[in-house]
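Let's take a look at some side-chain contacts and one bent helix. Have the sequence and coordinates open while you read.

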Amino acid sequence: MAFVLRRVAGAALVIFGTITLVFAILYWLPGDPAVLVAGENATEESIARIRTLLGTERPLWEQYGDYLAGLAQGDLGTSFATQEPVTVRLWAQFPSTLALTLLASTVAIVAGVVAAVSRGRWLDQAIQAVMLFFTSMPSFWLGILLILLFSVTLQWLPAIGSDSFAQLILPVSCLGLVASGRLMRMVRNSVLDVLDEPFVTTLRAKGLVEWQVLFRHVLRNALIPVVTLLGILVGELLSGTVVVETLFARQGIGRLLVDAVGVKDIPVIQGTVLIASISFVLINLLVDLSYSVIDPRVRVDG
Amino acid sequence: MSEPAAGFVARAPARRAEAARPRLRLPAWLRPGLALPGAIMLVMLACGLFPEWIAPFAPTDMTDAILAPPGRTHWFGTDHFGRDVLSLVIYGARQSLLMGACAVFVGGLAGGLIGLVSGYGGRAVDLVLMRLLDIWMAVPDILLAIIIAAALGPSLTNTIIAVGLVTVPRYARVMRAQVLAVRSRTFIEASRSIGSSNLLIVLRHILPHTVSQMLVMATLGIGSSILIGSSLSFIGLGVVDDRPDWGFLLSQGRSYLTVAWWFATFPGLAITALVISANLLGDALRNRLDPQQRGG
C-alpha cells in the first residue's frame with residue numbers, strides 16, 4: 001500500500017511540475033498575443049483593451065495563481081483565437097486522437113507479437129531489418145510514402161481528412177509501424193530471454209506442453225519490459241499524432257496544437273500539452289502499478 | 001550464452017531509462033559493423049563540409065525543367081523552381097548535420113553536467129535533480145520541442161536549443177548511472193584517502209570512466225535529434241531560411257506529392273540513411289568500447 005501511495009504522490013508531483021514547466025516556457029513567448037488577436041491594423045487602444053481582456057498584462061505570478069485555481073476547477077482557460085473555453089476545443093478533438101492512438105497501439109502490439117512468435121531464421125531477420133528501417137525514419141516521411149503508394153499510385157485509400165474509417169487506415173498504419181519497430185524488438189528479446197531461463201527447462205522437464213510453457217509462464221515473465229515500453233509507446237504515439245495529424249489533415253489534439261502555435265494561442269497550447277503530459281504520466285503510473293500485479297517481487301525494490 | 005542479438009535484458013522497472021531505448025540491431029548477416037554506417041556518415045559529412053565540390057548544381061540554380069522526373073541531368077529530379085533535388089539534398093546535409101551535432105552537444109553537455117552533479121552531489125541534490133528530470137521527461141519529446149521552439153521562434157539556433165533541451169534527461173540519466181557506479185569503487189576511496197580534492201577526483205577518475213558511455217549515447221543521439229529537428233521543420237517551427245535542411249525540403253515536397261514523388265522521397269531517404277547509420281554506429285561503438293555492457 002505504501003508503495004502505491006508513494007507512486008501516486010510521485011505522479012501528482014510530476015503533473016504539478018509539468019503544469020509549472022509548461023506555464024513557464026509559454027510565458028517566455030516573444031510577441032504579444034494581444035497584438036496577434038487584435039490583427040495587424042488594430043489601434044493602440046484596442047490592443048490595450050484586448051490585453052486587459054486577456055489578462056496578459058497582469059504580473060506573471062498572479063496569472064499563474066489564477067491559472068492553477070482555474071485548473072483545480074477543471075477550467076483550462078479561454079482560447080485567445082476563438083474565445084471558446086479550451087476544454088470545449090479539446091473535447092471536440094479528443095475522440096479523433098484517441099481513436100488514432102488506440103488503433104495505432106493495437107497495430108504496434110500485434111505486429112510486435114507476431115514478429116516475436118514467428119521466430120523463423122530468415123523471416124525473423126527480415127522483419128527485424130524492416131523494423132530497423134521503420135524506427136529510423138521520420139514518421140511524416142513514412143506517411144508521405146504511404147500516401148504516395150496507396151493514395152497517389154494505387155488510389156485505394158484517401159490521403160486526407162477525418163470523417164470516415166477509410167481515412168483512418170493510413171495514419172494508423174503510419175503511427176503503428178513506427179512504434180511497432182521498437183515494440184517488436186522488445187517483445188522478441190524479452191520472450192527469448194525468458195525462454196533461456198532455467199525454470200523453463202524445469203517446466204519442460206516436468207512434462208508441460210510447449211504452449212502451456214509459453215502462455216502460462218514465459219509470456220507472463222516477458223510482460224514486464226513490454227509493459228514498460230507500452231507506457232513509453234503511448235507517449236510516443238501522443239507525440240507522433242502531432243506530425244501525423246498535420247500530414248493527413250486530420251482533426252485531433254496534435255493538429256489543434258500546431259494550429260494554436262501558429263497564432264500563439266497560449267491557453268490552447270497549454271491545455272493541449274497538459275492533457276498529453278497528464279495522460280502520459282497517468283499511463284506510466286498505471287504501468288508502474290501493474291508491475292506488482294504481474295510480478296509480486298517488484299514491490300520489494302519499488 | 002545467447003547471441004548478443006537477443007541480449008537486451010531489462011527485467012526490472014528500475015531499468016526504465018534503458019528500456020526506453022531498445023537496441024537497434026540488424027540480424028548478423030546484415031550487420032555491417034562500423035564499415036557501412038561509417039562510410040555513409042563520412043559521405044554525409046563530406047556533403048555537409050564541401051557541398052559546392054560535390055553537388056552538380058548550385059542550390060539556387062533555377063532551370064526551365066520544373067518538377068522534372070529523375071533523369072540523366074537531374075538524378076533526383078527537380079523541384080517546383082526547377083532546382084536540382086540532388087544538389088538541394090547535398091546542400092541540406094550541412095544544416096541537418098549541424099543541427100544534429102549541435103543539439104547533441106547542447107543536450108550532452110547540459111545532461112552530462114546534471115548527471116555528474118546528481119551522481120556525485122549526494123542524496124538530497126540527487127533527489128531534487130531526478131524529480132526535475134522526471135518532470136522534464138513527462139512532456140513527450142516532440143510536444144516539449146514544439147513549445148520551446150514556439151517560445152523561441154523558428155531559426156537554426158533555436159531548433160538546436162529546443163532539440164538539445166528535450167534530450168537532456170537521457171544524457172543526465174546515463175551520466176548519473178555511470179558516476180554512481182564509479183563513485184563507490186576502491187580507487188576513488190584510495191584517491192580520497194591521500195587527500196585528493198573533489199574536483200581532482202571528478203576530473204581525473206570519474207569523468208574518464210564516463211566518456212565511453214557518453215560517446216555511445218551521443219552517437220545514438222544524433223539520430224533522434226535529427227528526427228525531432230526534422231519534425232519541427234516539417235511543422236514549420238524549425239529551420240526556415242534560404243539554406244533549407246532535409247526536414248524543410250520534405251515538407252515542401254509534400255505539396256507536390258501527386259505530381260513529383262521524387263521531391264519528397266529523396267530528402268526523406270537522406271534522413272533515414274543518416275539516422276540508421278548513427279544508430280548502427282552507436283551500437284557498434286557500444287560493443288567495442290564496453291563489451292561488458294552488452295546486456296544493456
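What follows covers salt bridges, aromatic pairs and a helix kink.

A quick word on the ground rules: this is a predicted model, where local features need pLDDT of at least 70, side-chain atom pairs count only at pLDDT 80 or more, and totals for chains, interfaces and linings use all residues. Residues are numbered from 1 along each chain as its sequence is written, chains are lettered from A and ligands numbered from 1 in the order in which they are written, and side-chain values use heavy atoms, with hydrogens and water left out.

**Salt bridges**

Side chains of opposite charge can pair when their charged atoms come close. Here, a salt bridge is a side-chain nitrogen of Lys or Arg within 4 Å of a carboxyl oxygen of Asp or Glu. How many salt bridges are there over all chains? The count comes to seven. Among them are these, from chain B:

| Pair | N to O distance |
|---|---|
| Arg176(B) and Asp126(B) | 2.7 Å |
| Asp134(B) and Arg173(B) | 2.9 Å |
| Arg170(B) and Asp141(B) | 3.0 Å |

Helices here are DSSP runs (H or I, at least four residues), numbered from the N terminus. Arg176(B) and Asp126(B) link distant parts of the chain, with Arg176(B) in helix H7 (residues 156-183) of chain B and Asp126(B) in helix H5 (residues 123-138) of chain B, 50 residues apart. Asp134(B) is in helix H5 of chain B and Arg173(B) in helix H7 of chain B, so that pair ties together parts 39 residues apart in sequence. Arg170(B), in helix H7 of chain B, meets Asp141(B) from helix H6 (residues 141-152) of chain B, 29 residues away.

How enclosed are these side chains? The scale is relative accessible area: buried means under 20%, exposed over 50%, and partly exposed in between (1.4 Å probe, protein chains only). Asp126(B) is buried at 13%, while its partner Arg176(B) is partly exposed at 22%. Arg173(B) is partly exposed too, at 23%. For the remaining pair, Arg170(B) is buried at 13% and Asp141(B) is partly exposed at 30%.

Over in chain A, salt bridges link Glu84(A), Arg89(A) and Asp265(A) into a network.

**Aromatic pairs**

Rings of Phe, Tyr and Trp (its six-membered ring) pair if their centres lie within 6.5 Å; planes under 30 degrees apart count as stacked, over 60 as edge-to-face and the rest as tilted. A search of the whole structure turns up ten such pairs over all chains. One of them is Trp91(A) with Phe94(A), an edge-to-face pair at 5.6 Å centre to centre with 75 degrees between the planes. Why are they about one helical turn apart? Because Trp91(A) and Phe94(A) sit three residues apart in helix H5 (residues 86-117) of chain A. Trp91(A) is exposed at 63%, whereas Phe94(A) is partly exposed at 25%.

Chain B has a tilted pair, Trp261(B) and Phe266(B), at 6.1 Å centre to centre and 45 degrees between the planes. Trp261(B) is partly exposed at 41%, but Phe266(B) counts as buried at 15%. Ring pairs join both of these residues with Phe76(B) and Trp262(B) in a cluster.

**The kinked helix**

Which residue is at the centre of the kink in helix H8 (residues 166-195) of chain A? Ser180(A) is, and the kink is about 40 degrees. The bend at a residue is the angle between axes fitted to the seven residues ending there and the seven starting there. In H8(A), 25 of the 30 residues are buried, so this helix is largely enclosed by the rest of the structure.

How values were computed:
Helices (H or I, at least four residues) and strands (E, at least two) are DSSP runs, numbered from the N terminus.
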